[in-house]
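Reader: Could you walk me through this one, feature by feature? I'd like the general idea and then the case at hand.

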Amino acid sequence: MQNKHGDFVWYELQTSDIDAAKRFYGPLLEWQFSLSSAEAPRYETCLAQDNHIRQTHEVGGILELTPEMQEGGCSPAWLGYIEVDDMTQACKKLTDAGGKILMPVKSINDVGDVCVVSDPQNAPFYLICSSGAKNSLAFAHDRPRPGHCAWNELVTSDKNAAQAFYQSQFGWTQDGSMDMGDMGSYDFIRHRNMIGAMMSIPAPGLPPFWNFYFRVANIDKAVKYITDNDGTITQDPMEIPGGEFVISAQDPQGANFQLIGTRGDS
């Protein structure tokens, strides 16, 4: 099935040390890597094995931040790519709605046009207008796939404004919510399939951001691996509806990420 306007199609780690990132994420998510560009900024493609159909999927990339990029304010982080039908129209529509263009449109051979933007609350993400018909499974919308993204979560300073913005840009709709007590509601996002949720920033002063939850087979083994390999657990395993568990963590270079999986005794 060809990806459509508004689909998450790629995930990118921007990091200060690409080799260290490969050593960390490779065993954690069972990823293999393929060099896409040896010239600065260096880029590696992340590949996940889908054992159900015995295929390998390209699920994301790792971009090594150059000294100039770091001096300009870039720091280790994960960003998601959202597909658009027409890059020129998408950029105009985004800025008309209060979003910002953070990096001018760049054309990449055999990939398409890409652009770094932010929503009106300043949460950054990529737009991509892919060249040719694409069917990305980087976001596993159909069933659980280890090593693939399983959930996209926006943490924002203005949920109502964010919902209106993303609906106007990509046609996303709210499909139910979950009460989180003092933290307010956790509002689910649907784009044909359930793709994630939006929530309010839990602490004053934090900037809005996107979280991406990657699937692992065993959350307890993942926690041990992270702590044994210079990562940091920032949220211990928390059970979610359906009986799975999620964690938040930080890799050795300081990029935040999330994992989802079952516990060892399940």
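**Strands, helices and spaces**

Author: Let's start with a pair of strands: strand β1 (residues 8-15) and strand β5 (residues 77-83) run antiparallel and are joined over 6 bridges. Keep in mind that this is a predicted model.

Reader: Which residue in β5 is the bridge partner of Gln 14?

Author: Ala 77 is the β5 residue that bridges to Gln 14.

Reader: And the sheet around that pair: what is the order of its strands?

Author: Read across the sheet, strand by strand. The order here is β2-β3-β4-β1-β5-β8-β7-β6, an open sheet of 8 strands with mixed pairing. β2 (31-37) and β6 (100-108) are the edge strands, each pairing on one side only. From one strand to the next, the twist averages 30 degrees.

Reader: Which strands does α1 lie across?

Author: For a helix on a sheet, list the strands it crosses, then pick an angle. α1 lies across β1, β2, β3, β4 (55-64) and β5, and runs at about 150 degrees to β2. Helix α3 (residues 87-96) lies across β6, β7 (112-118) and β8 (124-130), at about 155 degrees to β8.

Reader: Let me zoom in on Thr 45. Is it buried or exposed?

Author: The cut-off for buried is under 20% relative accessible area. Thr 45, which sits in strand β3, has 6% relative accessibility, so it counts as buried.

Reader: What does Thr 45 touch, leaving out residues up to four places away in sequence?

Author: Its contacts are Trp 10, Gln 32, Phe 33, Ser 34, Ser 36, Glu 58, Gly 60 and Gly 61.

Reader: Now strand β15 (residues 245-250). Why is it described as largely enclosed by the rest of the structure?

Author: Count its buried residues: 5 of the 6 in β15 are buried, so the strand is largely enclosed by the rest of the structure. Then look at its partners. Strand β14 (residues 232-239) runs antiparallel to β15 and is joined to it by 5 bridges, with Gln 235 bridged to Ser 248 in β15. Strand β16 (residues 256-262) also pairs with β15 in the antiparallel sense, over 6 bridges, and there Phe 245 stands opposite Gly 261.

Reader: Which residue takes a positive phi in the hairpin of β14 and β15?

Author: That's Gly 242, with phi near 105 degrees, in a hairpin that has 5 residues between the strands. In the hairpin of β15 and β16, with 5 residues between the strands, Gly 254 takes a positive phi near 105 degrees.

Reader: On to empty space. How many cavities of 30 Å³ or more are there?

Author: The general idea is that rolling a probe the size of a water molecule over the atoms shows where empty space is left. Here the count comes to 1 cavity of 30 Å³ or more. The largest cavity holds about 150 Å³ of space. It is lined by 13 residues, and the closest to its centre are Asp 7, Phe 8, Phe 139, His 141 and Arg 192. By class, that lining has 4 nonpolar, 7 polar and 2 charged residues.

Reader: And how much space lies in the second largest pocket?

Author: About 320 Å³. Of its 20 lining residues, Leu 28, Glu 30, Pro 146, Val 216 and Ala 217 are the closest to the centre. The elements giving two or more residues to the lining are α1 (18-29), β3 (43-50), β13 (209-218) and α5 (219-228).

Reader: Which element gives the most to that lining?

Author: β13 does, with 4 residues. By class, the lining of this second largest pocket has 9 nonpolar, 5 polar and 6 charged residues.

Terms used
Residues numbered from 1 in each chain as written. Predicted model: local features only at pLDDT ≥ 70, side-chain atom pairs only at ≥ 80, totals over all residues. Heavy atoms only, no water. 1 Å grid on protein atoms, 1.4 Å probe; cavity = no way out; pocket = protein on both sides within 12 Å on 5 of 7 lines; lining within 4 Å. Points joined across faces, edges and corners; volume = space filled by probe spheres on them. Nonpolar A, V, L, I, M, F, W, Y, C, P; charged D, E, K, R; others polar. Buried < 20%, exposed > 50% of the residue type's maximum accessible area, 1.4 Å probe, protein only. Contact = heavy atoms within 4.5 Å. Pairing = 2+ DSSP bridges. Axes fitted to C-alpha atoms, helices over the stretch in contact; angles between N-to-C directions.
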